[in-house]
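User: I've got a model open and would like to talk through its packing and its internal spaces. Can we take it question by question?

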Amino acid sequence: MRVVVALGGNALLKRGEPMTADVQRRNVRVAAEAMAPVAREHQLVVSHGNGPQVGLLALQGAAYRPDEAYPLDVLGAETEGMIGYMIEQELGNLLPFEVPFATLLTMVEVDGDDPAFGDPTKFVGPVYGAAEAERIAAEKGWVFKPDGASWRRVVPSPAPKRIFEIRPIRWLLDQGTVVVCAGGGGIPTMYQPGKERTLVGVEAVIDKDLCSELLARELDADLLIMATDAEAVFLGWGTPEARAIHRASPEAMGRHTFPAGSMGPKVDAACRFAMSTGRTAAIGALADIPAIVRGEKGTLIDKTFGAMTWHG
């Protein structure tokens, strides 16, 4: 099969952990151990989050004058290279030497008129207390919103329209390559108004789940897996009546509402993939990826499934 695995941000940096290279490498190593069995048997494409990493680079850039700071599209490109390097190396340490790897800087087109530019919602960077967030907002002009009990910077999150590197990604897969691409939702770009063939970067971060769905759809993937820190999608999460969904159709999932800041975008992306392709999307825990591929764990969404079935 051709399998696209979208690694959630927890695969690289868990909440509250220091944003050091050693911590990120340790987390990538755990992710590689979960993905290696899949790569041994199937074609594997890996996408990943980059919110904390982009936020860290933005903070480092704040040491320079405002006109010297690098924009978000450039920071996104930098993180794609950094994270792709770690994934390649840790997977390569587990797979046969003959398996080729490639990380592609992936430009993704967005619409300059997307309403997201008027309502920043995408969290990037570390968490802050209210007073510190207020101070930084005044100094740098950043927008902050609450994230649980803390505050984080938010930036626009426009919808992805097109993945420019989709042809070389397909070619690499046909050669048996494990491909890391579309990291952090891809590098946001758009055509400059009035200049039909001039691409420019955009101050935004594209939603990783929506971009991974577009990637999986354009690659004709057999399975899209969104790996997170939950073993499945739950109804009644946080209550004594919580139940883990095993299988469901997109229609059955659509009868329920899931949190916009966590599981909601993953469910939306999974349902979109299942509806448009007739293939399966899955949401589950990073460590369970091999079992998700076998259909044993996680939440599986497919048009051929009827009413919800449950784990346990």
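User: Which residues does Leu75 touch, not counting residues up to four places away in sequence?

Analyst: Keep in mind that this is a predicted model. Leu75 sits in helix α3. Once residues up to four places away in sequence are set aside, the ones Leu75 touches are Val54, Leu57, Ala58 and Tyr70.

User: Is Leu75 buried or exposed?

Analyst: The cut-off for buried is under 20% relative accessible area. Leu75 has a relative accessible area of 5%, so it counts as buried.

User: How far apart in space are Leu75 and Ile187, C-alpha to C-alpha?

Analyst: Along the sequence, Leu75 and Ile187 are 112 residues apart. In space, their C-alpha atoms are separated by 8.8 Å.

User: Now the empty spaces. Which element gives the largest share of the lining of the largest cavity?

Analyst: The structure holds 2 cavities of 30 Å³ or more, and the largest has a volume of about 50 Å³. Of the 14 residues lining the largest cavity, the closest to its centre are Asn50, Gly76, Gly184, Gly186 and Pro188. Two elements, α3 (72–92) and β10 (187–191), give two or more residues to that lining. The largest share, 4 residues, comes from α3.

User: How do the lining residues of the largest cavity divide into nonpolar, polar and charged?

Analyst: Gly counts as polar in this scheme, which is worth remembering with Gly76, Gly184 and Gly186 in the lining. The division for the largest cavity is 8 nonpolar, 5 polar and 1 charged.

User: And the second largest cavity: which element gives the most to its lining?

Analyst: About 50 Å³ of space lies in there. Its lining is made of Gly55, Ala58, Leu59, Val124, Gly125, Pro126, Tyr128, Trp142, Phe144 and Arg153. Both α2 (51–61) and β5 (122–128) supply at least two of the lining residues. The one giving the most, with 4 residues, is β5.

User: How many residues in the lining of the second largest cavity are charged?

Analyst: Arg counts as charged, and Arg153 is part of this lining. The residues there divide into 7 nonpolar and 2 polar, with the charged ones numbering 1.

User: Let's move to Lys266. Is Lys266 buried or exposed?

Analyst: Lys266 lies in helix α8 (residues 263–277). Buried takes under 20% relative accessible area. With a relative accessible area of 12%, Lys266 is therefore buried.

User: Which residues is Lys266 in contact with, leaving aside its neighbours within four places in sequence?

Analyst: Contact here means heavy atoms within 4.5 Å. With neighbours within four places in sequence left out, Lys266 is in contact with Lys208, Asp209, Met226, Thr228 and Ile283.

User: What about Leu224: how far apart in space are Lys266 and Leu224?

Analyst: In sequence, Lys266 and Leu224 are 42 residues apart. From C-alpha to C-alpha, the spacing is 11 Å.

User: Zooming out, what radius of gyration does the protein chain have, set against a compact globule?

Analyst: The chain has 9 helices and 17 strands, and its C-alpha atoms fill a box of roughly 55 × 50 × 45 Å along the principal axes. For 312 residues, a compact globule would come out near 20 Å, so the chain agrees with that, at 19 Å.

User: What share of the contacts with a separation of 6 or more comes from residues 24 or more positions apart?

Analyst: For context, 52% of the 312 residues count as buried. Among contacts in the protein chain with a separation of 6 or more, the share from residues 24 or more positions apart is 75%.

Definitions and conventions:
Residues are numbered from 1 along each chain as its sequence is written. This is a predicted model: local features need pLDDT of at least 70, side-chain atom pairs count only at pLDDT 80 or more; totals for chains, interfaces and linings use all residues. Side-chain values use heavy atoms; hydrogens and water are left out. Buried means under 20% relative accessible area, exposed over 50%, partly exposed in between (1.4 Å probe, protein chains only). On a 1 Å grid over the protein atoms alone, a cavity is a set of points where a 1.4 Å probe fits but cannot get out, and a pocket is an open set with protein on both sides within 12 Å along at least five of seven lines; lining residues have an atom within 4 Å of a point. Grid points are joined across faces, edges and corners, and a volume is the space filled by probe spheres set on the points. The radius of gyration is taken over C-alpha atoms; the globule rule is 2.2 Å times the number of residues to the power 0.38.
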